[in-house]
Structure formats: C-alpha cells, structure tokens
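Biologist: Thanks for sitting down with me over this one. Could you walk me through how some of its strands pair up?

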Amino acid sequence: MNFVGVNFSIHKEGYRFIAIGIAVSLIFMLFSSFLTWIAIILTAFCAFFFRNPKRVVPNDQNLITSPADGTVVAIDYDTPPEELNLGEEKRYRISVFLSLFNVHINRLPASGKIRSIIYQPGSFLNASLDKASVFNEKNTIILELNNNPENLMAFNQIAGWIARRIVCDVHEGQEVKKGDIFGLIRFGSRSDIWLPVGAVPEVIVGQTMLAGETVISDLSKENLSLREGTSI
C-alpha cells in the first residue's frame, strides 16, 4: 500500500487492522456519528503505526545501524546471557525503547548470516524498564559477520505491556543484508543490541534512533583493549 506524495508505505501486518477499522467505521455510520469518528481515528492510527518510511542505509559494511526506531535508554558493558552462546567475553549492549508513536518495523543492523534465532517466552512488563530485557517475552537473532563464525552480534525484539505479538520474517541460515526489514513488534516494545566483541558504541543514552539509518557502532574503530569499568 503506497500513498501518493507520502514518503512511506504500510507494512503488510497492518492491512488486517486497517481493513477491520474501515469495516467498523462503515457499520457505525449507520447509527452513530460519534462512534464513526472514533473508529476513523483509530483506523488512521493503525495506518500511522504500521507505516514503513524509506530509509537511507549506509553502504560502509563497517557501520552497524540500529535495528529499531526509538530512544537509547541504556548502554552496558557486560557478559551476554548464557543462552545466547556468545561466549564469556564482555561486550557492549545498547538498549532502545520504542514508544507507541515510533516506527515499529525492525531492520537488520548489519549484513551477514543468521546463525540462530532464540525465542524465549516471558512476561509483558513495561518495555522501558531494564528488567524487561530479562523477564519479558523476546526473540533474539544471532548474526555472523564477514563469514567469520567467531565474529558474532545479537539483537532482539522484546515485547512490552501493550505489545503482545512479535513478528520475525527471517530464518536460521539465511544470508541477510543491512537495512532490510526482518520483522516488527506490535504496539510498544524494546530492542537490545549486543555488539561484536571489541566494538564500541557511537551513540549516547537519550539519543533518538532511526532503524537502518542511525549508526550505533563503527567496526573500524574497534578497541580490543577495553576493560571492565569503561564508561560511555
């Protein structure tokens, strides 16, 4: 679905919600103008929520981009969770929170091969809370860079207290390209990105992210001498 003169389309996941909204609006037109306007507004919001704006993706393969729109709420330097199988070396994690009004389409942060996809059921806490990274339902993608099995990064889709549907359109073993769409989370969520070992963040807490466009790390600036206690 494209709009003349508008620089975005609608993600396929939104078609059903928009169709339902239009149908409900037509029914309400038979007996209530107030309810009709409410339905029209909600339908318009669905189109807004599932919007898919065009993005300019950096060509430089050393540049890792954000997989999600939103705001950086935390930057940590720690050992990844054991279930991700990323090893025991510490690396940076960048957490991005998506509000109800952010674009919710997720884009691949780098080119490479999908090593594994790990789904973990969980709670539906407010996605802006740090504990949401631990306790909430999430889907984590492990990506192999530069055909190097030792050069791995991870990024996930974390459900929130409103978001109850994680959509992931890639599969294990798939060769993927930076900036391509790999899924979305409906109605408010969070994304954690575990950078490759040695990679350092190029963003700060409070910064606004654009999926597929905002550079979060430059692999040409790797600092393999990072030690515990390093701060951003």
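Modeller: Happy to, and do keep in mind that this is a predicted model. A good place to start is strand 7 (residues 112-120), which pairs with strand 11 (residues 175-176) over two bridges in the antiparallel sense.

Biologist: Which residue in strand 11 stands opposite glycine 112?

Modeller: Strand 7 and strand 11 are antiparallel partners. Across that pairing, the residue facing glycine 112 is valine 176.

Biologist: And over how many bridges do strand 7 and strand 8 pair?

Modeller: Strand 8 covers residues 138-144, and its pairing with strand 7 is antiparallel. Within it, isoleucine 114 stands opposite leucine 143. The number of bridges between strand 7 and strand 8 is seven.

Biologist: Which are the edge strands of the open sheet with the order 6-12-10?

Modeller: That sheet has three strands with antiparallel pairing. An edge strand here pairs on one side only, and that picks out strand 6 and strand 10 (166-168).

Biologist: What does the twist average from one strand to the next there?

Modeller: Strand 10 and strand 12 (residues 181-185) pair over three bridges, with cysteine 168 opposite glycine 183. In this open sheet of order 6-12-10, the twist from strand to strand averages 20 degrees.

Biologist: Is histidine 104 buried or exposed?

Modeller: Histidine 104 sits in the loop between strand 5 (91-98) and strand 6 (105-107). Its side chain reaches two backbone oxygens, that of serine 99 at 3.5 Å and that of asparagine 102 at 2.7 Å. Buried means under 20% relative accessible area. Because histidine 104 has a relative accessible area of 2%, it is buried.

Notes: Residues numbered from 1 in each chain as written. Predicted model: local features only at pLDDT ≥ 70, side-chain atom pairs only at ≥ 80, totals over all residues. Heavy atoms only, no water. Helix = DSSP H or I, 4+ residues; strand = E, 2+ residues; numbered from the N terminus. Buried < 20%, exposed > 50% of the residue type's maximum accessible area, 1.4 Å probe, protein only. Polar contact = N/O pair within 3.5 Å; in protein donor to acceptor, adjacent residues only side chain to side chain. Pairing = 2+ DSSP bridges. Axes fitted to C-alpha atoms, helices over the stretch in contact; angles between N-to-C directions.
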